[in-house]
Amino acid sequence: MKKNTTPQFCDINAKNCCSTSKTNDGIDLKSHWDNVYDNAKVNQLGWYEESPDPSLQLIQACALHKNAALLNVGAGATTLVDKLNELGYQNIIANDISPIALEKLKLRLGVEKEKVNWVVDDLTRPSELHTIGKVDLWHDRAVLHFFNEKENQDTYFDLLKKLVKPEGFVILATFNLKGAATCSGLPVHRYDKKMLTEKLGNSFELVEAFDYTYSMPSGDKREYVYTLFKRK
Ligand SMILES: C[S@@+](CC[C@H](N)C(=O)[O-])C[C@H]1O[C@@H](n2cnc3c(N)ncnc32)[C@H](O)[C@@H]1O
């Protein structure tokens, strides 16, 4: 994929413009996430990780080439992008619905931001992600669980299945069945490894799964399930 060729900001005239994606309660999701990132320091966000260890552990288990295409969906301002860059991965793609989130990540990366491909797009109404080509890894931490409607979940998994190469990997980390019912003021849909396996279907094999208790900057705990799948 060519670097930095995708729009940094949503074109309001574009088909499926992300600014129109709303919850059942009428919350505009792009505005919601832009406000969240605009009004808080990244390291005070309820999902901030100083070091994204469970993700890194699973990514290392994939034993991918350094030029493999690694798509981090709903990346926000995650430190995972910094770490993957430090580890020498050369084809990192960071997606989010919120351009403000990605701008914060770019600011932290400084000149290293040039090494990352940036895609502002809505996973539930994708207009740019279709065009990025196939990927070796789809990584999602704390994004899928925000999609409560079946239609949005179906769009998400259709996109995933379109983009992940045969023998490619998928990491899904969501709140587990013991997890909180909301995050960032929004209701969430919780999963276990069986539910995620069913969503992916027969062409994906579960390689590893574990529950993980995340400590928020406030000290509160959040229960996650981490899963690693390989496409057959
Ligand atoms: C709880 S945060 C997690 C951020 C990051 N994955 C991490 O672990 O730090 C959820 C992220 O998903 C993004 N997001 C929410 N809905 C989205 C959508 N429909 N398409 C793309 N990104 C979305 C938000 O902007 C936010 O950055």
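This is a guided tour of the structure, given as a series of selections to make in the viewer. The model is a predicted one.

**The sheet as a whole**

Begin by displaying the strands. Seven of them, 7 strands in an open sheet, follow the order S3-S2-S1-S4-S5-S9-S8, and their pairing is mixed. The edges are strand S3 (116–120) and strand S8 (204–215), each of which pairs on one side only. From one strand to the next, the twist averages 15°.

**Strand S1 and its two partners**

Next, select residues 69–73, which form strand S1; 5 of its 5 residues are buried. Both faces are covered: Ala69, Leu71 and Val73 lie on one side, Leu70 and Asn72 lie on the other, and all are buried. Now add residues 91–96, strand S2, which pairs with S1 in the parallel sense over 4 bridges. Within this pairing, Leu71 has Ile93 of S2 as its bridge partner. To follow the connection, display residues 79–86: the chain passes from S1 through helix H3 to S2 in a right-handed β-α-β crossover.

Then select residues 135–141, strand S4, which runs parallel to S1 and is joined to S1 by 4 bridges. Here Asn72 stands opposite His139 of S4.

**Helices on the sheet**

Select residues 53–62 to show helix H2, which lies across S4, strand S5 (164–175), S8 and strand S9 (221–231). The angle between H2 and S5 is about 165°. Helix H5, residues 150–163, also packs on the sheet and touches S1, S4 and S5. The direction of H5 makes about 145° with that of S5.

**Ile171 in strand S5**

Centre the view on Ile171, which belongs to strand S5. Is Ile171 buried or exposed? Ile171 has 23 other C-beta atoms within 10 Å and is therefore buried, the threshold for that class being 20 or more. Which residues is Ile171 in contact with, leaving aside neighbours within four places in sequence? The contacts are Ser55, Leu58, His139, Asp140 and Leu228. Among them, His139 is the residue that stands opposite Asn72. For a distance to display, take the C-alpha atoms of Ile171 and Ser203: they are separated by 15 Å, and the two residues are 32 apart along the chain.

**The hairpin of S8 and S9**

Move to strands S8 and S9, which pair in the antiparallel sense over 11 bridges. One pair to label is Phe210 with its bridge partner in S9, Tyr226. The hairpin has 5 residues between the strands, and Gly219 takes a positive phi near 100° in this hairpin.

**Two non-glycine residues with positive phi**

Select Ala63, in the loop between H2 and S1. Ala63 is not a glycine, yet has a positive phi of about 50°. Ala63 counts as exposed because 8 C-beta neighbours lie inside 10 Å, where the limit for that class is 12 or fewer.

Then select Ser184, in the loop between strand S6 (182–183) and strand S7 (186–187). Ser184 is likewise not a glycine, and its positive phi is about 55°. Ser184 has 13 C-beta neighbours inside 10 Å and so counts as partly exposed.

**Helices H1 and H4**

Display residues 29–38, helix H1, together with residues 99–109, helix H4. The two pack at an angle of about 35°, and their axes are 7 Å apart. To see the contact, show the side chains of Trp33, Asp34, Tyr37 and Asp38 in H1, which meet Ile100, Ala101 and Lys104 in H4. By class, this contact comprises 4 nonpolar and 3 charged residues, with no polar ones.

**The ligand**

Finally, centre on the ligand, which is surrounded by 20 residues. Which residues are the closest? They are Trp33, Gly74, Gly76, Ile97 and Leu123. Trp33 was already shown as part of the contact of H1 with H4. Colouring the shell around the ligand by class gives 11 nonpolar, 6 polar and 3 charged residues.

How values were computed:
Residues are numbered from 1 along each chain as its sequence is written. This is a predicted model: local features need pLDDT of at least 70, side-chain atom pairs count only at pLDDT 80 or more; totals for chains, interfaces and linings use all residues. Two strands pair if DSSP finds at least two bridges between them. A crossover is right-handed if, with the strands pointing away from the viewer, the path from the first strand over the helix to the second runs clockwise. A residue is near a molecule or strand if its C-beta atom, placed from the backbone, lies within 6 Å of it. Ala, Val, Leu, Ile, Met, Phe, Trp, Tyr, Cys and Pro count as nonpolar, Asp, Glu, Lys and Arg as charged, and the others, Gly among them, as polar. Axes are lines fitted to C-alpha atoms, for helices over the stretch in contact, and angles run from 0 to 180 degrees between N-to-C directions. Two residues are in contact if their C-beta atoms, placed from the backbone, lie within 7 Å.
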